[in-house]
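Please look over the chain shown below, with attention to how its helices pack and how its interior is built. The questions that follow take these topics in turn.

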Amino acid sequence: MRIVKVLIVEDHPLIVNAYKQAFEQIAQDKTVLFNIDVALNLDEAGAFYNNQSYMSKCDLVFLDVQLPVGSDKSLLSGEDLGLKIREKYPETKVAILTSLSDHYRLRSILKDIDPDALLLKGDLTPGELIRGIQSLISKPPYYTVTVLEHLRKNLVAEIDIDSTDRKLLYELSLSTKNTELCDILKLSKAGVEKRKRNLKILFEVEGESDRELILEARNRGFI
């Protein structure tokens with residue numbers, strides 16, 4: 001019997017239970033046994049990530065993107081954790097489960113993390129989750145139907161939102177001063193303003209104020 005070590009990073013108990021039920025059903029064929037750990041927030045997830053002996057044996061990580069910022073602010077989202085896992089533990093398979101559907105947001109996730117599975121909560125049924133897990137174990141990648149539609153129709157734009165853009169949006173949402181932004185982002189004042197202009201064009205936001213940019217970024221799931 002194969003033993004598969006799984007880490008679930010998710011703050012909604014109902015979703016955690018859905019995962020566990022899916023794993024239990026798959027394990028009924030007695031060919032695989034799942035050893036499951038759960039992190040309910042980024043601080044708990046960070047503790048697992050920093051435990052090298054644990055992560056080196058972790059086969060699957062299931063990540064929610066929208067999680068509260070970690071206490072030390074080194075992790076702003078599940079996406080940040082996914083990037084770190086990809087860099088340090090490339091053999092660990094990463095699956096993203098999210099309610100986000102904005103095509104620029106999905107493009108960012110697919111380009112930056114290149115997850116082994118991307119599952120949208122709006123597409124999810126018990127059967128879909130089981131199929132996703134089985135595909136992860138045997139033959140990734142696995143994308144739900146809405147993700148495939150985005151890949152086919154929308155994810156051809158050449159404008160990307162990178163980790164610096166996401167950090168900029170986060171700091172703007174905290175009302176960080178422009179002088180501090182330059183130090184935090186390691187950009188010149190002109191560089192910060194250029195990124196803000198590009199984001200406003202991308203999100204179709206008008207005006208000089210950052211307020212509408214922050215609101216639109218939040219609506220699209222970047223904050």
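Q: Which residues in helix 6 are met by helix 1?
A: In this predicted model, local features need pLDDT of at least 70, side-chain atom pairs count only at pLDDT 80 or more, and totals for chains, interfaces and linings use all residues. Residues are numbered from 1 along each chain as its sequence is written, and side-chain values use heavy atoms, with hydrogens and water left out. With contact meaning heavy atoms within 4.5 Å, helix 1 contributes Ala18, Tyr19, Ala22, Phe23, Gln25 and Ile26, and these meet, in helix 6, Leu129, Ile130, Ile133 and Gln134.

Q: At what angle do helix 1 and helix 6 pack?
A: Helices here are DSSP runs (H or I, at least four residues; strands are E, at least two), and axes are lines fitted to C-alpha atoms over the stretch in contact, with angles from 0 to 180 degrees between N-to-C directions. The axes of helix 1 (residues 13-26) and helix 6 (residues 126-138) lie 9 Å apart, and the angle is about 65°.

Q: How many residues has the largest nonpolar core?
A: Such a core joins buried Ala, Val, Leu, Ile, Met, Phe, Trp, Tyr and Cys residues through side-chain atoms within 4.5 Å, buried being under 20% relative accessible area with a 1.4 Å probe, protein chains only. Val9, Val61, Leu81, Ile85, Ile96 and Leu118 have the most contacts inside the largest core, whose residues number 29.

Q: How many residues are in the other core, which includes Ile133?
A: Apart from the largest core lies another, with Ile8, Val32, Leu60 and Ile133 among its members. Its residue count is 21.

Definitions and conventions
Buried means under 20% relative accessible area, exposed over 50%, partly exposed in between (1.4 Å probe, protein chains only).
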